[in-house]
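Student: Could we go through the words used for this structure and see what earns each of them?

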Amino acid sequence: MSTVTTDRGTSTPPAATAGAARSRLPALLLGGCLVLIASIAVAVTIGPADIDVSDVWTTLLSRVGLAEPTLSVLRDGIIWDLRLPRTLLAAVCGAGLAVCGVVMQSLLRNPLADPFVLGVSSGASTGAVLVIVLGVGSGVLSMSGGAFLGAVASFALVLTLSHTLGGTTDRVVLSGVAVMQLLSALTSFIVLTSADAQTTRGVLFWLLGSLANASWSEVTTCAVVLAGTLLVCSGYARSLDAFAFGEDAAATLGVSVGRTRVVLMSVTALLTAVLVSSVGAIGFVGLVLPHAARLLTGPGHARLLPVSAVAGAVLLVWVDTIARTVLEPQEVPVGVVTALIGVPAFVLILYRSRGAQ
């Protein structure tokens with residue numbers, strides 16, 4: 001194995017770096033999963049009700065029939081019906097947003113791309129506002145249903161617009177930005193002209209991200225879509241690696257560029273739509289986590305995808321815990337907390353990346 005010698009000394013060959021990253025993967029995933037489990041167990045105990053970790057395990061075991069219920073109905077309900085689904089939904093959403101960020105940044109070859117660059121978040125917001133404020137589909141669609149349909153419609157609009165403009169990655173990004181701005185303006189117009197003060201406050205709070213209404217059905221739906229998306233993206237890990245060298249190089253390496261882009265953009269847009277319809281728009285998770293995970297795993301997507309998912313889950317569990325407790329009994333929108341944490345973290349990552357060049 002050859003090494004590269006420069007005036008600064010002998011550098012580590014790329015193959016050795018990749019091998020070291022692969023050897024660390026089991027330890028990273030095991031440690032990350034243990035941290036995630038501990039984070040969920042501890043986060044459920046934080047709040048006004050006096051609950052400890054043993055109560056959480058007691059509730060879990062009793063619910064699956066492995067132990068007798070010993071907690072009061074009230075304490076059991078707080079854990080099972082309120083805090084646990086909310087914390088698990090935070091973990092699933094954090095993992096999903098991080099995975100979408102990894103795929104978007106690789107496909108579009110843009111380090112600033114995140115799950116909302118395709119206008120999916122703005123479409124979900126518009127769909128939710130149409131249902132809540134204007135009553136479109138009233139009695140048939142819920143706010144989440146309207147958000148999902150809006151997200152899917154906006155993604156279809158971005159694909160159509162980018163295709164007519166040539167279908168290149170820069171056209172996809174520009175089309176996403178254009179659709180995002182259009183739908184954001186439409187959402188603001190509807191809210192300002194048609195909603196009362198109470199409705200406006202509720203819509204704006206949801207648009208900034210909220211897990212207050214988490215339910216087990218939402219946890220199940222988001223987890224199933226996340227698992228499917230992660231499975232598909234992992235199957236395209238080598239193709240994503242090839243995209244790092246550009247579309248022409250990827251095609252030379254045997255990658256079907258057009259099909260790969262359509263499949264991966266579709267599944268990540270679907271996952272983003274499901275997540276946004278459940279919890280609103282939560283930014284910076286998909287932008288920052290992929291960069292942070294690359295510092296641990298390197299650029300290989302077979303390693304980057306699972307590590308980013310675990311890191312995103314841990315991050316959003318604690319972000320939501322902070323959001324619901326820092327100004328108790330008032331909640332802070334989750335998107336506000338992710339922005340406050342994400343901006344300085346992203347600046348730090350940029351500085352570290354500049355120093356490594």
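Here we talk through helix packing and burial, term by term.

Tutor: Remember that this is a predicted model, where local features need pLDDT of at least 70 and side-chain atom pairs count only at pLDDT 80 or more, while totals for chains, interfaces and linings use all residues. Residues are numbered from 1 along each chain as its sequence is written, and side-chain values use heavy atoms, with hydrogens and water left out.

Student: Why are helix 4 and helix 6 called roughly parallel?

Tutor: The axes of helix 4 (residues 120-132) and helix 6 (residues 169-194) cross at roughly 25° and come within 8 Å. Angles under 35 degrees count as roughly parallel, over 145 as roughly antiparallel, 65 to 115 as roughly perpendicular, and the rest as oblique. Helix 4 and helix 6 are therefore roughly parallel.

Student: What makes up the contact of helix 4 with helix 6, by class?

Tutor: Contact means heavy atoms within 4.5 Å. Among the residues that make it are Val 129 and Leu 130 of helix 4 and Leu 183 and Ile 190 of helix 6. By class there are 7 nonpolar, 6 polar and no charged residues. Here Ala, Val, Leu, Ile, Met, Phe, Trp, Tyr, Cys and Pro count as nonpolar, Asp, Glu, Lys and Arg as charged, and the others, Gly among them, as polar.

Student: And why are helix 5 and helix 6 called oblique?

Tutor: Helix 5 (residues 143-164) and helix 6 have axes that cross at roughly 135° and come within 9 Å. That angle falls in none of the three named ranges, so the pair is oblique. Their contact includes Leu 157 and Leu 161 of helix 5, and Arg 171 and Val 179 of helix 6. It has 6 nonpolar, 4 polar and 1 charged residues.

Student: How do you know whether Ser 39 is buried or exposed?

Tutor: Buried means under 20% relative accessible area, exposed over 50%, and partly exposed in between (1.4 Å probe, protein chains only). Ser 39, in helix 1 (residues 14-45), has 5% relative accessibility, so Ser 39 counts as buried. Leaving aside neighbours within four places in sequence, Ser 39 is in contact with Val 314, Val 317 and Trp 318.

Student: What puts the buried residues of helix 2 on the same side?

Tutor: In helix 2 (residues 53-63), Asp 55, Val 56, Thr 59 and Ser 62 are buried. They cover an arc of only 140° around the axis, which puts them on the same side of helix 2. The arc is that of the directions from the helix axis to the C-beta atoms.

How values were computed:
Axes fitted to C-alpha atoms, helices over the stretch in contact; angles between N-to-C directions. Helix = DSSP H or I, 4+ residues; strand = E, 2+ residues; numbered from the N terminus.
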